[in-house]
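Work through the exercises below with the model open. Try each task before reading its solution.

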Amino acid sequence: MYAGTGGVLALLVLFGWFVVKAFSGRIPIPAGIPLGSFTMRYYSLCLLFGVLAGYLLIRQRMEQYQVSENLLADFITAGMIFGLVGARLGYVLQNFSCFLSHPLEILGITPQGFQGIAGLSIHGALLSLLAFLFLFQKWRRVSGLKMGDFAVPSLALGQAIGRWGNFFNQELYGYPTNLPWKMYVDEAHRLRFYRQEAYFHPVFLYESL
């Protein structure tokens, strides 16, 4: 047990050291782990860890809220579908003028072929999940407020972890700043009118906290 705890603490210290160095711009922020012709992106790993943490937490709360295995399975499966579709639609609506000219790119289809679906919006996901709660209570005849109370802590935990994917993608940063917790952003990831700036507010971190 002590060896396992020590290993976890060592990993946390290593991650903390890495974050401090990366925030200051002293080491480059890697996008992912190269695996031959495939790259496992840290953004995806952060999302997966967020989903896993949220799932483990919601299972711990099943008995307290008297949620059965069947009810949980329906709730998670349908909820994830609603959340993903809503997240994509939210992103499309936020960039409607671009997708209006290239509607197939909503599905990830470009002139070069299928390039994968990139771009999700947490605002769209949350709005679609509110609609999901209303429909779910009609379908399974359970209280939508009870199920919302049951699920929200897991959603918040998953979001807090998943937001770190924005750190590795060097996105979701704010205005330039010289505050001690400023975040370094490579020139390639800076907005056109901020090319001369190097440090920005780590908005992803504010949301994660």
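**Exercise 1.** Determine the handedness with which H4 passes H6.

Solution. Helices are DSSP runs of H or I, at least four residues, numbered from the N terminus. Take H4 as residues 69-94 and H6 as residues 122-140. Their axes come within 7 Å and cross at roughly 145°. Axes are lines fitted to C-alpha atoms over the stretch in contact, with angles from 0 to 180 degrees between N-to-C directions. The crossing is right-handed; that is, the near helix is turned clockwise from the far one by less than a right angle.

The model is predicted: local features need pLDDT of at least 70, side-chain atom pairs need 80 or more, and totals for chains, interfaces and linings use all residues. Residues count from 1 along each chain as its sequence is written, and side-chain values use heavy atoms, without hydrogens or water.

**Exercise 2.** Classify the ring pair Phe193 and Tyr194, then give the accessibility of each residue.

Solution. Rings of Phe, Tyr and Trp (its six-membered ring) pair if their centres lie within 6.5 Å; planes under 30 degrees apart are stacked, over 60 edge-to-face, the rest tilted. The count comes to 22 aromatic pairs. For Phe193 and Tyr194, the centres are 5.1 Å apart and the planes at 70°, so the pair is edge-to-face. Next, accessibility: buried means under 20% relative accessible area, exposed over 50%, partly exposed in between (1.4 Å probe, protein chains only). Phe193 has 57%, so Phe193 is exposed. Tyr194 has 19%, so Tyr194 is buried.

**Exercise 3.** Find the ring that lies under Lys182.

Solution. The test requires NZ of Lys or CZ of Arg within 6 Å of the ring centre and within 35 degrees of the ring normal. Lys182 lies over the face of Tyr199, 5.1 Å from the ring centre.

Definitions and conventions
Helices (H or I, at least four residues) and strands (E, at least two) are DSSP runs, numbered from the N terminus.
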